[in-house]
Amino acid sequence: MTSIESRGGGVNRTNEQIETPTSTPISYLSREGIEREGTKGNETEETEIGKKKEKERESIWRRAWTIVTWTPPNCRWDPTKPPQFSMSMNVLFAFAAGFTVANLYYNHPILNILAHDFGVRYEQVAQIPTVMQAGYATGLLFLCPLGDLLPRRPFVCGLVLFTATLWLGLCLTSDLGTFTALSFIVAITTVTPQLMLPLVGDLAPPNRRAAALSIVVSGLMLGVLVARVLSGTISNFVTWRAVYWMALGLQYVIFLLLWLFMPDYPATNPGMNYFRILLDIVLMLFKHPVLVQACLAGLLCSAPFTSFWTTLTFLLAGEPYEYTSLTIGLFGLIGIAGMLLSPVYARTVTDAFVPHFSVLFGLSCSLLGVCLGTYMGTFSVAGPVLQALLMDFGNQTAQIANRSSIYSIEPKRRNGVNTAFMVATFCGQLIGTATGNHIYAAAGWIGSGSASVGFISAALLVIVARGPWEERWVGWRGGWSMIKKDKDSADGKTADKAMHGRREERDEEAEIGANEKVLQEVAAEEGHDSSLGDGGFKGKSSQDEEIRPVKV
């Protein structure tokens, strides 16, 4: 028994000896494996958390994009019954255009206040209007052509929302560098009025295009004047930031109105390349003489406009007037009368005659106003008053007539056409600002006004050099008549139709025309057969019943 127990004990000791040395590495390996598995689990959890955060970020942007691009049922596109262009929509576009372009002009009357608030010299703040004009030119050149490529509703709403959100930084920042940089970016995206004008050209009936354009342009010009008046008046009583907070609220109101009521029209050129669209703008200038004529006239008549409003401050602030800055700011309200008259004139005259007539009439009014203001302004305030009234009315009349004419040349590329016209007009504004200041410093009010007389006269020569019926670059071939040959067209000669009309009606008209053509061919064939056979049209009805369905 003892030997057996000892053996059993030996066996037990052997098992203990076997188990003891091997138990330590097994437990060590198991702990190490658990630690590795725990580390891998932590890494997996961190990766999953990171992916969830990325998804949440993506979902936020997707939700924002979904909200911006969502279309209310009353604005959705239906080719069988598309939303029609109405007066309420026209007024909405005018309101949006006016208080969007106003973003560029709020800072003009308050530059001295901005310099004091930021604690810098006036020369440093004076660059803000120039920077914003450069940003606006950048948007004109690179964003506006996208209106021919993208659907207008999400594009316009997205730009307005982006502008409004970025404008918040202008309300809060206390650094001049940040303020200037944000002003440049905001100016780039403030080109939505120049996207709405070609859309109005698409939607309005051709025989009412000038009237519809005049309402939007009047709203746009009104926004330029109202921005200066509101900014100067409000800043006299409260801080300048109140002006910018007001502009922020207006931007969100515009976004909400457009999001609720702007119809979703399809893109006109969804398959085109962006760089090809930019190249086509240049090629248009070599292809369409009427576009070059309108661009030159726009450049030459916009230079006196900006020159007048730039140098008017110097005239009214000095002898013999010595007006205050508030009085000078309110002086800009005189132009409102001309802007209110412009839609009436466009509806009664511009839409009734060829645009060439209204361009000549508008430039003649501008020339008369510049002459009166230049040579009466040094001794009577009636001169500048008449110049503001006549020049605003004349320039706006000429601009609307030119737009109505050039929108007929490339119906599917109206944003590109508008870009070419507006770049030329913008260059004229820059020329007018620069030359007006330099000439006024050297030759005074009469010198700068005489230069404006020369600009307007050159614009008239450009219009006179080519008649309304001329197809080439120079001449009056086709006659001197200013009466439209086609009453339903915008330019009097181009068979133009409002885009995005009912597709069913167009298809039915095309089908009816094709059927009539086929029936005429059938009748001709039957007449030919009857002359060789039984004579006359005997047996026509039976043969007609057999052949016509096959032909149709």
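**View 1. Surroundings of Leu 258.** In this predicted model, Leu 258 touches Leu 92, Phe 93, Ala 96, Arg 153, Val 156, Cys 157, Val 160 and Met 196, a list that leaves out residues up to four places away in sequence. Leu 258 also belongs to the largest nonpolar core, where Leu 258, together with Phe 93, Tyr 106, Trp 167 and Tyr 244, ranks among the five residues that touch the most other members.

**View 2. The largest nonpolar core.** This core consists of 118 residues, and helix α17, which spans residues 414-464, contributes the largest share of them with 13 residues. The chain around the core has 19 helices and zero strands, and 45% of its 552 residues count as buried. Among the contacts with a separation of 6 or more, 79% are between residues 24 or more positions apart.

**View 3. A cluster of aromatic rings.** Tyr 106, Phe 118, Trp 167, Phe 179, Trp 240 and Tyr 244 are linked into a cluster by ring pairs. Three of these residues, Tyr 106, Trp 167 and Tyr 244, are also among those that touch the most other members of the largest nonpolar core.

**View 4. Two aromatic pairs with contrasting geometry.** The structure holds 21 aromatic pairs, one of which joins Phe 308 and Trp 309, whose ring centres lie 5.0 Å apart with the planes at 70 degrees, so that the pair is edge-to-face. Phe 308 counts as buried because its relative accessibility is 2%, below the 20% cut-off, and Trp 309, with a relative accessible area of 14%, is buried as well. Trp 476 and Trp 480, by comparison, form a stacked pair, with 4.4 Å from centre to centre and 15 degrees between the planes. Which of these two tryptophans is buried and which is exposed? Trp 476 is buried, because its relative accessible area of 19% is under the 20% limit, whereas Trp 480 is exposed, because its value of 64% is over 50%.

**View 5. A nonpolar patch on the surface.** Phe 353, Phe 357, Phe 361 and Ile 483 form a nonpolar surface patch, and together these residues have about 330 Å² of accessible area. Phe 361 lies in helix α15, which covers residues 355-376, and is classed as partly exposed because its relative accessible area of 35% falls between the limits of 20% and 50%. For the chain as a whole, the exposed area is about 27,300 Å², of which carbon and sulfur atoms supply 64%.

Definitions and conventions
Residues are numbered from 1 along each chain as its sequence is written. This is a predicted model: local features need pLDDT of at least 70, side-chain atom pairs count only at pLDDT 80 or more; totals for chains, interfaces and linings use all residues. Side-chain values use heavy atoms; hydrogens and water are left out. Patches are made of residues with over 30% relative accessible area and no salt bridge: like charges are joined within 9 Å, nonpolar side chains (Val, Leu, Ile, Met, Phe, Trp, Tyr) within 5 Å. Accessible areas come from the Shrake-Rupley method with a 1.4 Å probe; for residues, only the protein chains shown count as cover. A salt bridge is a side-chain nitrogen of Lys or Arg within 4 Å of a carboxyl oxygen of Asp or Glu. Helices (H or I, at least four residues) and strands (E, at least two) are DSSP runs, numbered from the N terminus. Buried means under 20% relative accessible area, exposed over 50%, partly exposed in between (1.4 Å probe, protein chains only). A nonpolar core is a set of buried Ala, Val, Leu, Ile, Met, Phe, Trp, Tyr and Cys residues joined through side-chain atoms within 4.5 Å. Contact means heavy atoms within 4.5 Å. Rings of Phe, Tyr and Trp (its six-membered ring) pair if their centres lie within 6.5 Å; planes under 30 degrees apart count as stacked, over 60 as edge-to-face and the rest as tilted.
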